[in-house]
Amino acid sequence: MLLERLQAYDRSDIYPFHMPGHKRQLELGADAYHLDITEVEGFDNLHHVQGILQEEQARLARYAGAKKSFFLVNGSTCGILAAISATVSRGGKLLMARNSHKAAYHALFLRQLTAHYVYPRISSFDIQGAIEPEQIAQALEEDPGIEAVYVTSPTYDGVVSDIETIANIVHSFGKILIVDEAHGAHFGLHPAFPRSAIRCGADIVIQSVHKTLPAFTQSAVLHLCSDRIRTEVLEEFLDIYESSSPSYVLMAGMSRLVPFLQKEGEVHFTALAENLRQFYEKTGNLCHLHVIREEDFDKTVAFARDPSKILISTRDCNINGRQLYDRLLEEYHLQLEMCSGEYVTALCSLMDRAEGFERLASALFAIDGTLERKQAPEQGFVARMYREREQVCPISEALESAQVTVTLETSVGRISGEYVYLYPPGIPILVPGERIDAGFACDVREMKARAMIPEGMRDKQAEFIQVL
C-alpha cells in the first residue's frame, strides 16, 4: 500500500534532490491525523478570514513585502487560475510566455481567452531561457487589447527574467504583470539568490513554498503587490478555484515559515550557499559531463540564474539525460528532480545537507570516468520539442469543437484537439488549437525512445491524437 511504500522510501538511503523543500527534515510535533481538523470554533475560515488565519497571512505579507498574501492549499495552480481570471476579462487577451506551466493554459480555456505568446531563447546547453523586456514591449505595442502579462521567472531550470524592467514596461502601457515565481519562494531571502519579483514591481506573484522552503507539498502563496487589482475580485476567484475544505495541516506548515525563517533562515541559507559554492568548484573539471553555471548563459538567455537548481548537461558525451538520471538513482541512490533530453536537474533547498552535495559530486566524477565524448552533438532536444507552432484558434474553441482520432503519422497539418507535454516540467509541447507539423510524430517517438512519457493525450500509449 502507498503508506508502506512511503515509509520504506523514508527509511532508505536515497538522497532527495527533489521537492518538497523540507527534505523530510522537520517534525510538526504530532501525528498529522491529530492535527487534521475542519473549520471548528477558534480556527478561522480560509475563505472568510477574520481570526488566526488572517493574522498568519498578514504576518507573511509583512515579511515578504507584499500588500496582501493568501495561503493556497491547492498549490500554485489555483493561484495562477485566480490571478489570470481576476486580471483578464472573459474572452479577453493575455500576453504570456510560451514556456508557462499548463495551469496558465487551463486559465485560458476556462476564461475563453486568446493568448499572445512570447518565446524564450534557447541556450547553447539546450535550456529554455528568459523572456526579454523588448519582447514584451513589442507585443504590447502590436496589440493594445492585451489586458495582462504573465511570465514565469524563475523557470523550472532556475533562469530568471529581468522582472523590474518588464514591470516598468508593462505599467507604462497601463497593464498588469503576473509572475509565476513558483520555483523562487526563497528569492530575496539571502544574497546568494536573486531578488524576488515582489520587490521588482510585479502586481501579483505566485510562489510554491513547498518547492524550495520547508512546507508540505501543495502549499503555496499568492502575493498581491499593488493597487492595480481589486482585492475582492481576486478573492472571489480564489474562492472558486480553491478547495472549500482547506487542510489545516498544510496551513500549519505554512504558518511555521516566517518564524522559522526569522529564527533559523540565515544559518540554513548561509550553509546552502556555501555547499553550492563548494559543489560548483569541485565539479568544475569534469571531463564529459558539465555542471552548468551562470556564466554559461549570456544576458539574452538569462538575466540571472538560481544556483540552487543544479543542471548537469550530457550534451557532449555518449549518454542522455534520462540515462544519467537513471544511473544516479540506481547506482548511487540519488533521486533527482527531473531529466530532460540532454540534462538533469537536482533541486536544492535550505534544508539540504553537505552529505548530499558530496555524494552527488562523487557520483558525477565516477560516472564521468566511464563516458566518452560525443562525436557530433545534434540539435538540442528542448529546442526541437518546444519550437514555435502555428496557433490557428483559441484553446477554448479547439477543446469544445468536434474532434476525431487519427494516428500521429496522419495528423500532419491537422489542428490539435488536446495537449502534449512532459511532466515535469508541465510545459505544453503542443497546445489545443495549434497546427501539427511534419516533425510531431518523430517528436513523440523520440520521447518514448528516451523513456520520457508524453502526457495530456487521451491515448495513453501516444499512438493516436485528437484533432479537429
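**Strand β7 and its neighbours**

Mentor: In this predicted model, Ile-178 stands opposite Ile-204 in β8.

Trainee: What makes β7 and strand β8 a pair?

Mentor: Two strands need at least two bridges to count as paired. β7 and β8 (residues 204–207) have three, running in the parallel sense, so they pass that cut-off.

Trainee: And how do you know that strand β5 and β7 pair?

Mentor: Run the check again: the bar is at least two bridges, and β5 (residues 146–152) shares five with β7, also in the parallel sense. They therefore qualify as a pair. Here Tyr-150 is the residue opposite Ile-178.

Trainee: Why is strand β7 called mostly covered?

Mentor: Buried means under 20% relative accessible area. In β7 (residues 176–180), five of the five residues fall in that class.

Trainee: Which residues cover the two faces of β7?

Mentor: Side chains in a regular strand alternate between the two faces of the sheet. On one side of β7 sit Ile-176, Ile-178 and Asp-180, with Leu-177 and Val-179 on the other, and all are buried.

Trainee: Zooming out, why is the chain called as compact as a globular protein of that length?

Mentor: The chain has 16 helices and 19 strands. Its radius of gyration is 22 Å, and the globule rule gives 23 Å for 468 residues; the two are close, so the label holds.

Trainee: What share of the chain's residues count as buried?

Mentor: With the same under-20% cut-off, 57% of the 468 residues make it.

Conventions:
Residues are numbered from 1 along each chain as its sequence is written. This is a predicted model: local features need pLDDT of at least 70, side-chain atom pairs count only at pLDDT 80 or more; totals for chains, interfaces and linings use all residues. Side-chain values use heavy atoms; hydrogens and water are left out. Helices (H or I, at least four residues) and strands (E, at least two) are DSSP runs, numbered from the N terminus. The radius of gyration is taken over C-alpha atoms; the globule rule is 2.2 Å times the number of residues to the power 0.38. Buried means under 20% relative accessible area, exposed over 50%, partly exposed in between (1.4 Å probe, protein chains only).
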